[in-house]
Amino acid sequence: MGGILTQMFPPSPTFTDKDVPSLAGKVFIVTGGNSGVGLELVKILYAKGGTVYIAGRSPNKTAAEIEAIKSIHTVTPGHLKSLPLDLGDLTTVPTCASTFLAQESRLDVLFNNAGIAHVPAGSVTVQGHEAHMGTNCLGHFLLTQLLLPVLLKTAKSSPKDSVRVVFTNSSIMDLEGPPGGLSLAELVPGNYSKDKARNYSASKTGNWFLASELDKRTRSDGLVCVAQNPGNLTTKSWNGVPWLIRMLTKPIMHEPKLGAYTELWAGLSPEVTCEDGGRTAIPWGRWHPSPRKDILESLKTKQEGGTGLAAEFWDWCEEQTKGYAGAGN
């Protein structure tokens, strides 16, 4: 319960835009960066001189946000670019990656920020996967895999612990969801849960699993892979939550910029190192003090005394996306 309460009532952030040095010469991708917490993060990175690619479904909306950001006076402006990406359609992911790679030879931080929440039970992606799992996990898994070579290349020539992949989870994974965090059986078409909160929670836990498994595969190459819960924020992701619940939770809701500080800490704070790989952060930039025991067991291999569920989920993601891994090149 203490872990839940400290996420609902976080202390003041200790790493904000004021603590970020010049980002000139650094390159970032923020999925879902044209609204909510992602947009607030983009504004900070841009104001510090970074080159920021906003990956989103609506090029028109992204273009409008880029113009709005550029209209605000900034002492050290960076560069803003658009990347069309629909995480709910795996065919768009290789094109997004190849479009980026045609323009850049480095990538300092990949913020896997975008996501959907509480969409109706029965909703599926273009490829027929349960909507939360397909969008929040499979889309980001494929994008990360396609960008992994440039991330590893950047890590070789950059300061230690500075090149990172940041996945996004939620406090809902502490409150509900399948035993172990997610159920592989519920990922089979025809067996999707009819509980949209359970589906959402499973996808958020899945993102932590992906961060942990990516860390195991890339820590020795200098890549920092972590997950983070940006916090309970007043964003459109709550639109699918019943009105009464939204009213009851209003006192613990916060402005999106505070959530951006959580992502900023995970992506740029010098406190975060390779040794922290696989961990998950909570608002507004701290490590989770007491995750669910069954989820922690899922993160461990059977040889380590765990269940190995996270590794099995990684393999499942690999299997579901392998047909798209070579497309768009």
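**Exercise 1.** Determine how many residues of strand β2 (residues 51-56) are buried and what this says about its surroundings.

*Solution.* Take buried to mean under 20% relative accessible area, with exposed over 50% and partly exposed in between (1.4 Å probe, protein chains only). Strands (E, at least two residues) and helices (H or I, at least four) are DSSP runs, numbered from the N terminus. By this cut-off 6 of the 6 residues of β2 are buried, so the strand is largely enclosed by the rest of the structure. The model is predicted: local features need pLDDT of at least 70 and side-chain atom pairs count only at pLDDT 80 or more, while totals for chains, interfaces and linings use all residues. Residues are numbered from 1 along each chain as its sequence is written, and side-chain values use heavy atoms, with hydrogens and water left out.

Next, separate the faces. In a regular strand the side chains alternate between the two faces of the sheet. T51, Y53 and A55 are buried on one side of β2, and V52, I54 and G56 are buried on the other.

**Exercise 2.** Identify the strands that pair with β2, and give the sense of pairing.

*Solution.* Two strands pair if DSSP finds at least two bridges between them. Strand β1 (residues 27-31) pairs with β2 in the parallel sense over 5 bridges; here V30 is opposite I54. Strand β3 (residues 79-84) also runs parallel to β2, joined by 6 bridges. Its K81 is the bridge partner of Y53, and its H79 that of T51.

Then place these strands in the sheet. The sheet is open, has 8 strands with mixed pairing, and follows the order β3-β2-β1-β4-β5-β6-β7-β8. β3 and β8 (286-287) are the edge strands, each pairing on one side only.

**Exercise 3.** Trace the connections into and out of β2, and state their handedness.

*Solution.* A crossover is right-handed if, with the strands pointing away from the viewer, the path from the first strand over the helix to the second runs clockwise. β1, helix α2 (residues 36-47) and β2 form a right-handed β-α-β unit. From β2 the chain passes through helix α3 (residues 59-70) to β3, and this β-α-β crossover is right-handed.

Finally, locate α3. This helix lies across β2 and β3, at about 170° to β3. Contact means heavy atoms within 4.5 Å; axes are lines fitted to C-alpha atoms, for helices over the stretch in contact, and angles run from 0 to 180 degrees between N-to-C directions.
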